[in-house]
Amino acid sequence: LLQQNIQSIQQQKQQLEEQLTEIESAMTELQNTSQAYTLLGNLMVASSPSDLIIKLQERKDRTEIRIRNLNKQEEKLHQALVALQQDVGKELKPGKY
């Protein structure tokens, strides 16, 4: 169960890291343009590149926080897994019974 949780967290981190790469790429492209559009429902609406960069920076910040939180969760689960493996190893040593 711990191993499954670790794998789930790793998958979530990978998805967030991919999103982070896309956000950074979009921010770079927006710095080199004078006109940009954003989707509003099914409509494309003209928007200021600087406004979009601000929104993307906020999204980037939130994504980085989520990645840091997932890293902490992964580390705690990894430590719990190591401790559990050590406990099992101690219990299985010869001469214990």
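This section describes how two helices are arranged in a predicted model and which residues lie between them.

Helix 1 covers residues 2-31 and helix 2 covers residues 49-91. Their axes come within 9 Å and cross at roughly 160 degrees. Angles over 145 degrees count as roughly antiparallel, and helix 1 and helix 2 are therefore roughly antiparallel to each other. The crossing in which helix 1 passes helix 2 is left-handed. Sorted by class, the residues in the contact of helix 1 with helix 2 comprise 19 nonpolar, 11 polar and eight charged ones.

The length of each helix was compared with the length expected from its number of residues. For helix 1, with 30 residues at 1.5 Å a residue, the expected span is 44 Å; the C-alpha atoms at its ends are 43 Å apart, which agrees. The 43 residues of helix 2 should, at the rise of 1.5 Å a residue, span 63 Å, and the distance of 62 Å between its end C-alpha atoms agrees with this.

The buried residues of helix 1 are Ile6, Ile9, Lys13, Leu16, Leu20, Ile23, Met27 and Leu30. An α-helix has 3.6 residues a turn, so residues three or four places apart point the same way. The buried residues of helix 1 pack against helix 2 and against strand 1, which is formed by residues 36-40. In helix 2, the buried residues are Pro49, Leu52, Ile53, Leu56, Lys60, Thr63, Ile67, Leu70, Glu74, Leu77 and Leu81. These residues of helix 2 are covered by elements that include helix 1, strand 1 and strand 2, the last of which consists of residues 43-47.

Individual residues illustrate this packing. Isoleucine 6 is located in helix 1. Its relative accessible area is 5%, and since buried means under 20%, isoleucine 6 is classed as buried. When neighbours within four places in sequence are set aside, the contacts of isoleucine 6 are Glu74, Leu77, His78 and Leu81. Isoleucine 6 and glycine 41 are 35 residues apart in sequence, and their C-alpha atoms are 36 Å apart in space.

Lysine 13 also belongs to helix 1. With a relative accessibility of 14%, lysine 13 counts as buried. Apart from neighbours within four places in sequence, lysine 13 is in contact with Ile67, Leu70, Asn71 and Glu74. Glu74 thus appears among the contacts of lysine 13 and among those of isoleucine 6, and Glu74 is itself one of the buried residues of helix 2.

On the side of helix 2, leucine 81 was examined. The relative accessibility of leucine 81 is 14%, so this residue counts as buried. Beyond residues up to four places away in sequence, leucine 81 touches Leu2, Gln3 and Ile6. Leucine 81 and leucine 1 are separated by 80 residues in sequence, whereas the distance between their C-alpha atoms is 9.5 Å.

Leucine 84 is likewise part of helix 2. Its relative accessibility of 46% places leucine 84 in the partly exposed class. The C-alpha atoms of leucine 84 and leucine 2 are 9.7 Å apart, although 82 residues separate the two along the chain.

Terms used
Residues are numbered from 1 along each chain as its sequence is written. This is a predicted model: local features need pLDDT of at least 70, side-chain atom pairs count only at pLDDT 80 or more; totals for chains, interfaces and linings use all residues. Side-chain values use heavy atoms; hydrogens and water are left out. Axes are lines fitted to C-alpha atoms, for helices over the stretch in contact, and angles run from 0 to 180 degrees between N-to-C directions. Helices (H or I, at least four residues) and strands (E, at least two) are DSSP runs, numbered from the N terminus. Angles under 35 degrees count as roughly parallel, over 145 as roughly antiparallel, 65 to 115 as roughly perpendicular and the rest as oblique. A crossing is left-handed if the near helix is turned anticlockwise from the far one by less than a right angle, and right-handed if clockwise. Ala, Val, Leu, Ile, Met, Phe, Trp, Tyr, Cys and Pro count as nonpolar, Asp, Glu, Lys and Arg as charged, and the others, Gly among them, as polar. The expected span of a helix is 1.5 Å times one less than its number of residues. Buried means under 20% relative accessible area, exposed over 50%, partly exposed in between (1.4 Å probe, protein chains only). Contact means heavy atoms within 4.5 Å.
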